[in-house]
Amino acid sequence: MSFRQKLENICANLPGAEWAGDADGAIPSWKIAGKMFACTGTVTPGVSVKTSGVDIARMLIDAGVAEKAKYFHASWVRLPETVEDDELRHRVHASYDIIRRSLPKRLQAELPPWETA
């Protein structure tokens, strides 16, 4: 299974997750309530995801798990296509959870239930 297929399987199964692609005039990414939680971009292979903070992002970069996500805040990292499947799933779920929790309570209440992993 290709990296894109793995990523799509993970993201498509998250409650309320939607794909926003080039055809929509958007950056190829997965969003919840219009807010991006996973960005595939068009040039660099891999996926950019949000972490819980700059320190976690630095730790992942220093450990060689991720790299700096260009054009994003320092709390985002880019996972290469060679990232382990469990790490990919964990980081995408964490990013989704961070973005979902940042939504206004009204929007959160309108979304299907989500149990954090």
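**Exercise 1.** In this predicted model, find which residues of helix α1 meet which residues of helix α3, and then sort the contact by residue class.

*Solution.* Begin with the residues themselves: on the side of α1, Phe3, Lys6, Leu7, Ile10 and Cys11 take part, and they meet Asp85, Leu88, Arg89, Val92 and His93 of α3. Next, sort these residues by class, which gives six nonpolar, one polar and three charged residues for the contact of α1 with α3.

**Exercise 2.** Describe how the axes of α1 and α3 are placed relative to each other, giving the crossing angle and its handedness.

*Solution.* First locate the two helices, α1 at residues 3-12 and α3 at residues 85-102, whose axes come within 10 Å and cross at roughly 40 degrees. Because this angle is neither under 35 degrees nor within 65 to 115 degrees, α1 counts as oblique to α3. Finally, consider the handedness: the crossing in which α1 passes α3 is right-handed.

**Exercise 3.** Decide whether Gln108 is buried or exposed, and work out which residues its side chain reaches through polar atoms.

*Solution.* Start with the position of Gln108, which belongs to helix α4, residues 105-110. The relative accessible area of Gln108 is 19%, and since buried means under 20%, Gln108 is buried. Then turn to its side chain, which reaches the backbone oxygen of Leu103 at 2.6 Å, while a polar atom of the same Gln108 side chain lies 3.1 Å from the backbone oxygen of Arg101. As a last step, set aside the neighbours within four places in sequence, and Gln108 is found in contact with Arg100, Arg101, Ser102 and Leu103.

Terms used
Residues numbered from 1 in each chain as written. Predicted model: local features only at pLDDT ≥ 70, side-chain atom pairs only at ≥ 80, totals over all residues. Heavy atoms only, no water. Axes fitted to C-alpha atoms, helices over the stretch in contact; angles between N-to-C directions. Helix = DSSP H or I, 4+ residues; strand = E, 2+ residues; numbered from the N terminus. Parallel < 35°, antiparallel > 145°, perpendicular 65-115°, else oblique. Left-handed = near helix turned anticlockwise from the far one by under 90°. Contact = heavy atoms within 4.5 Å. Nonpolar A, V, L, I, M, F, W, Y, C, P; charged D, E, K, R; others polar. Buried < 20%, exposed > 50% of the residue type's maximum accessible area, 1.4 Å probe, protein only. Polar contact = N/O pair within 3.5 Å; in protein donor to acceptor, adjacent residues only side chain to side chain.
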